Amino acid sequence: MCRHTRLFERETRVPATVLVGTQWGDEGKGKFTDLVAKEMSMVVRYQGGHNAGHTIVVDGESFGLQLVPSGCLYDHITTVLGNGVVVDPKVLIAEMDMLESKGFDMSHLKLSGNAHLILPYHQELDMLTERRLGRNKLGTTKRGIGPAYADKSTRVGLRVQDLLDPKIFREKLDQVLKEKNSVLAKVFNRLPADADAIAHDYLEVYRPRLEPHIADTVGLVHEALESGQHVLFEGAQATFLDLDHGTYPFVTSSNPVAGGACIGAGIGPRHIDRVIGVGKAYVTRVGSGPFPTELFGDLGDTIVEKGREYGVNTKRRRRPGWFDAVMMRHAVRLNSLSELAITKLDILGGLGPLQVCVAYDHQGERLEQMPYHQSVLHKCTPIYEELPGWDDDISGSTERSQLPSATRDYLDFLEAQVGVPIRLVGVGPGREQFIHYAA
Ligand code: IMP
């Protein structure tokens, strides 16, 4: 009896929330992370690197962030780059300097010693590999993300904690450069990477700046959870860019899905009790890969221009398309979403009738769920349901009741298709431009 009571006491739930992108990235996660973060004590990034890019607008000023978690704009939040992140120190330092120069306090930023470092040869190999692939390229951000995660998997990566031990750092660097330089020379006909220059930059320039931030982040996250603090785990990229569950090989090299938070931050699945999926009111994708609801022509161009659908980082034009409920249903499954946050609803105003993909047609067969076989997906065409559009400007709406009835019908239709409540709706880029849609 006594033992049972103790077991239950230990099982008290802790308030951990995961926020994930549900499409192919660029859903506007930063805005809602920023909003949800307000109520958090800690925000943790669990995967990806500076391939991510999110914009937060504060008092009319835009902040483009790549690595630092969104919650960094609040003084009361500890922000964490977890073990699952890959870090280019030069980029991180530049971002911290920029934010400090604007008056934001960066002393709360913690960096996992187990996170892997992006080194100059990762970026070079990413670029060279893409160039060699030619028409078959993946369309990566060329930030060295794939090569850095590949080195992590083959156990030749250098970690943040290696910066703290110059001897080990140099030994590992010399060892790995034997192979990298041979590939650079023999496969790509390039000059070798310079070990002395890398060691100088990483150990003499970056290390002193980063050292105060390097920490046992797993310990910090658990201390926060155990003391009942609210912790937000912030996914970068998105569900369909997930290495295991996305449209492989047109994916990133990490696991953005909610389960990735467990690995990339060092928590078990039972810690997570809320999973917010962020999705655009339409869909965009940057880079190559299948996209069943892709729009070409004038309508697509209008969405791109109205929605400013150009990469924060790479400035690449994003490919636009209609909302895909088949994808979203799969995202609900993969992430066990408890709720949805829909962004950029204002962009759909004035476009005329709206299409929502409710199923796929594959050679005459109706598919309600995403096919597992990529060759099938490539041949799928969307089955649409048409909904009336609206012309009103909704960007000033602050409550559900202020939205035109066609706008509410659109959201209610998405909710019914996906089977998860829509709790937040973005109606403009500003921090305050959102609606609490459902209680
Ligand atoms: P990588 O992550 O740079 O290796 O790129 C792999 C794929 O993920 C490419 O199609 C990129 O365009 C895409 N990708 C990576 N990061 C983002 C992001 O933050 N938003 C949207 N797409 C991304």
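So, to start: what share of the contacts in the protein with a separation of 6 or more comes from residues 24 or more positions apart? It's 75%. Keep in mind that what we're looking at is a predicted model.

How far does the confidence go? Mean pLDDT for the protein is 93, with 97% of its residues at 70 or more. The stretch to watch is residues 1-12, where pLDDT stays under 50. For those residues the model has just 1 contact beyond four places in sequence. Where pLDDT is low, the predicted coordinates shouldn't be read in detail, and that's how I'd treat that stretch.

Okay, overall make-up. We've got 13 helices and 20 strands. The radius of gyration is 22 Å, close to the 22 Å the globule rule gives for 439 residues, so the protein is as compact as a globular protein of that length. If you lay the C-alpha trace along its principal axes, you get spans of about 65 × 65 × 50 Å. Of the 439 residues, 55% are buried. As for the outside, accessible surface comes to about 19,000 Å², and carbon and sulfur atoms hold 52% of that.

Now zoom in on strand 7, residues 109-112. On one side of the pairing list there's strand 5, residues 78-81, which runs parallel to strand 7 and is joined to it by 3 bridges. One residue pair to click on there is Val80 with Lys110, its bridge partner in strand 7. Strand 7 also pairs with strand 9, residues 214-215, again parallel, through 2 bridges. There, Ser112 has Ala215 of strand 9 as its bridge partner.

Notes: Residues are numbered from 1 along each chain as its sequence is written. This is a predicted model: local features need pLDDT of at least 70, side-chain atom pairs count only at pLDDT 80 or more; totals for chains, interfaces and linings use all residues. Side-chain values use heavy atoms; hydrogens and water are left out. Two strands pair if DSSP finds at least two bridges between them. Helices (H or I, at least four residues) and strands (E, at least two) are DSSP runs, numbered from the N terminus. pLDDT is the predictor's confidence in each residue, from 0 to 100. Contact means heavy atoms within 4.5 Å. The radius of gyration is taken over C-alpha atoms; the globule rule is 2.2 Å times the number of residues to the power 0.38. Buried means under 20% relative accessible area, exposed over 50%, partly exposed in between (1.4 Å probe, protein chains only). Accessible areas come from the Shrake-Rupley method with a 1.4 Å probe; for residues, only the protein chains shown count as cover.
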